[in-house]
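Here is a protein to get to know. Look it over, then read the questions and answers.

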Amino acid sequence: MAKPSTSLLKRRLDIADIVRKTGEIKVDDLAEMLAVSGVTIRNDLNYLEQQGYLKRSFGGAIYTAQPTNVTAGRETSHAQPLDNAIVLELARQVARQVRDGETIYLGPGDVLRKSIPFMAEYRELCLVVNDLAHVAPARDYIDGEMVLLGGVLEAGGQTLGGELAIQSLRQYQPSRCMVVVESISDDGTLNVASEATAALLRESINTSSQCVVVIAKRPVHGEARHAVGAIENVSAVITPQMVAAEYHSRFLASGLSNSYTNNECLTWINPDLHPAR
């Protein structure tokens with residue numbers, strides 16, 4: 001499978017970072033900064049807009065930050081999007097867990113989709129997905145094979161699920177799964193809000209040798225919870241700073257230790273399950 005050059009990947013990630021820092025910038029300015037043509041920049045901006053990193057404006061691009069607002073100590077909505085900078089850093093840290101030659105089940109969701117370009121440096125991967133939005137970036141960036149699980153298309157969604165998807169996943173026996181969960185119960189149970197999603201995620205955690213879990217948002221009290229696994233059985237947990245504060249004591253009680261931190265996100269690992277690089 002043909003893969004774009006490293007320079008293309010780096011330029012697009014640089015553009016996303018530049019737009020995030022400046023808020024708004026013109027095509028001509030980007031072309032001058034990166035020493036490429038305006039046509040090249042426009043193609044890059046079109047791609048980045050499709051992937052949700054920015055929004056095109058007349059003659060340039062605008063950063064589409066959507067920070068999570070908190071009112072009176074409570075989240076205004078569990079569906080409130082994360083700031084793009086946090087999403088991008090979560091995606092980077094997800095990709096850091098990958099190894100050459102792995103078979104990876106990449107669960108549904110925006111954070112995991114945005115991790116795909118960062119996986120371009122790894123070789124001979126087999127990426128197993130059930131989120132239709134993952135297909136295009138996987139085709140563009142993955143060196144190796146991309147497998148779309150069979151299954152039933154969820155009503156009003158873009159993910160495939162059901163017994164057929166579960167059976168398909170079993171055939172590939174992933175060495176690593178990467179999934180997003182909504183919350184952790186007091187007893188360490190990992191939960192998602194969708195019952196349909198829970199069945200496939202449970203199977204991915206049970207069948208994979210390593211499991212990377214992303215918890216992108218603070219829990220919303222009163223939402224439906226469907227168990228997918230236990231925190232003590234995962235090899236790594238990746239969170240924004242605000243979520244790490246929410247679950248800090250639970251992470252420590254489960255034997256997790258902080259292995260990587262930047263100003264926005266943290267990676268916690270289980271030393272007994274996480275192989276040294």
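The turns below go from the core to one buried residue and then to the strands.

This is a predicted model, in which local features need pLDDT of at least 70, side-chain atom pairs count only at pLDDT 80 or more, and totals for chains, interfaces and linings use all residues. Residues are numbered from 1 along each chain as its sequence is written, and side-chain values use heavy atoms, with hydrogens and water left out.

Q: Which helix gives the largest share of the largest nonpolar core?
A: A nonpolar core is a set of buried Ala, Val, Leu, Ile, Met, Phe, Trp, Tyr and Cys residues joined through side-chain atoms within 4.5 Å. Buried means under 20% relative accessible area, exposed over 50%, partly exposed in between (1.4 Å probe, protein chains only). The largest core has 51 residues, and Leu90, Met119, Leu127 and Met178 touch the most other members. Eight of its residues, the largest share, come from helix H4 (residues 84-95).

Q: How many residues make up the other core, which includes Val128?
A: This core lies apart from the largest one. Among its members are Val128, Cys177, Ile184 and Ala244. Its count is 32 residues.

Q: Is Asp83 buried or exposed?
A: Asp83 sits in the loop between strand E5 (74-75) and H4; helices (H or I, at least four residues) and strands (E, at least two) are DSSP runs, numbered from the N terminus. Its relative accessibility is 18%. Asp83 therefore counts as buried.

Q: Which side chain makes a polar contact with the side chain of Asp83?
A: A polar contact is a pair of N or O atoms within 3.5 Å; within protein, one must be able to donate a hydrogen and the other to accept it, and residues adjacent in sequence count only if both atoms are side-chain atoms. A polar atom of the Asp83 side chain lies 2.7 Å from the backbone nitrogen of Ala85. The side-chain partner, at 2.6 Å, is Tyr63.

Q: What is the strand order in the open sheet of three strands?
A: Two strands pair if DSSP finds at least two bridges between them. The pairing here is antiparallel. Strand E1 (24-26) and strand E2 (54-57) are the edges, each pairing on one side only. The order is E1-E3-E2.

Q: Which residue in E11 is the bridge partner of Tyr105?
A: Tyr105 belongs to strand E6 (residues 103-106) and is buried. Three bridges join E6 to strand E11 (residues 176-180), and the two run parallel. In E7, Tyr105 stands opposite Val128. In E11, its partner is Cys177.
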